Amino acid sequence: MNNVNLIGCFGKDPEIIEREKEGKKFKSFMGSVAVNDGKETTYWINVHASGTTAENIGKYFKKGDRIGINGKLTTYKTKDGNYAYSVLINGFDFIEKKHVFTIELYKGG
């Protein structure tokens, strides 16, 4: 089972990029969230979303906002040939927001 659940804060405003794959345009988000282990250590976790999930993250979140992330761990090759890890976001929750609701998985890409 590959299931990741995180609660973290955005270090900067999420930037949504319009991309194209196989002739279809879609929105994409790549960024990172700060996750604190409850002590003095903060980990920066790379996260990625696409489609409606990415659009909603860009629409509702800003720097410093807390987010609950549901996703799966993925790997990718960097430009220098090394491998890196990222969490592919399937769904998310608002944490400490006035409007609290959950965005469910969007399978349309």
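These legends walk through several close-up views of a predicted model.

**View 1. The whole chain, from one end to the other.** Start with the parts list: one helix and seven strands. Following the sequence along, you meet them in the pattern β-β-β-β-α-β-β-β, with four strands before the helix and three after it. The chain has 109 residues, and 28% of them count as buried. About 7400 Å² is exposed, with carbon and sulfur atoms supplying 49% of that area. If you look at contacts with a separation of 6 or more, 52% are between residues 24 or more positions apart.

**View 2. The largest nonpolar core.** Here we zoom in on a set of 17 residues, where Phe29, Ile57 and Ile69 touch the most other members. Who contributes? At least two residues each come from β1 (4–10), β3 (24–36), β4 (42–50), α1 (51–60), β5 (66–77) and β6 (83–95). Strand β6 gives the most, with four residues. As a bit of background, nonpolar side chains in soluble globular proteins tend to be buried together.

**View 3. Ile69 and the residues around it.** Ile69 is one of the core residues that touch the most other members, and this view shows its surroundings. Setting aside residues up to four places away in sequence, Ile69 touches Val4, Asn5, Leu6, Val33, Val47, Val87, Ile89 and Gly91.

**View 4. Pro14, tucked into a loop.** Pro14 sits in the loop between β1 and β2 (16–21). Is this loop residue buried or exposed? Pro14 counts as buried, because its relative accessibility is 12%, and the cut-off for buried is under 20%. Once neighbours within four places in sequence are left aside, the contacts of Pro14 are Phe29, Ile57, Gly58, Phe61 and Lys62. Two of these, Phe29 and Ile57, also belong to the largest nonpolar core. Pro14 and Phe29 are 15 residues apart along the chain, yet 7.1 Å separates their C-alpha atoms.

**View 5. Asp65 and the backbone of Lys62.** Now for another loop, the one between α1 and β5, where you'll find Asp65. With 17% relative accessibility, Asp65 counts as buried. Which backbone atom does its side chain reach? The side chain of Asp65 comes to 2.8 Å from the backbone nitrogen of Lys62.

**View 6. Salt bridges, including a small network.** Searching the whole structure turns up three salt bridges. One of them joins the side chains of Lys12 and Glu15, at 3.5 Å from N to O. Glu18 takes part in the other two shown here: with Lys27 at 3.3 Å, N to O, and with Lys25, where the closest N and O atoms are 3.9 Å apart. Together, Glu18, Lys25 and Lys27 are linked in a network. How open are these residues? Lys25 is exposed, at 61% relative accessible area. Glu18 counts as partly exposed at 48%, and Lys27 is also partly exposed, at 27%.

**View 7. Tyr60 and Phe94, edge-to-face.** The whole structure holds six aromatic pairs, and this is one of them: the ring centres of Tyr60 and Phe94 are 5.5 Å apart, and their planes meet at 85°, an edge-to-face arrangement. Tyr60 is in helix α1 and Phe94 in strand β6, so the pair ties together parts 34 residues apart in sequence. Tyr60 is partly exposed, with 26% relative accessible area, whereas Phe94 is buried at 3%.

**View 8. Phe61 and Phe94, stacked.** Phe94 has another partner: its ring and that of Phe61 are stacked, 4.8 Å centre to centre with 10° between the planes. Phe61 comes from the loop between α1 and β5 while Phe94 belongs to strand β6, so this pair connects parts that are 33 residues apart in sequence. Both residues, Phe61 and Phe94, are buried.

**View 9. The aromatic cluster.** Pull back a little from the two pairs and you get the wider group. Phe10, Phe29, Tyr60, Phe61, Phe92 and Phe94 form one aromatic cluster. Some of these names should be familiar by now: Phe29 is among the core residues that touch the most other members, and both Phe29 and Phe61 are in contact with Pro14.

Notes. Residues numbered from 1 in each chain as written. Predicted model: local features only at pLDDT ≥ 70, side-chain atom pairs only at ≥ 80, totals over all residues. Heavy atoms only, no water. Buried < 20%, exposed > 50% of the residue type's maximum accessible area, 1.4 Å probe, protein only. Contact = heavy atoms within 4.5 Å. Areas by Shrake-Rupley, 256 points an atom, 1.4 Å probe, with all protein chains shown as cover. Core = buried A, V, L, I, M, F, W, Y, C linked by side-chain atoms within 4.5 Å. Salt bridge = Lys/Arg side-chain N within 4 Å of Asp/Glu carboxyl O. Polar contact = N/O pair within 3.5 Å; in protein donor to acceptor, adjacent residues only side chain to side chain. Phe/Tyr/Trp six-rings, centres within 6.5 Å; stacked < 30°, edge-to-face > 60°.
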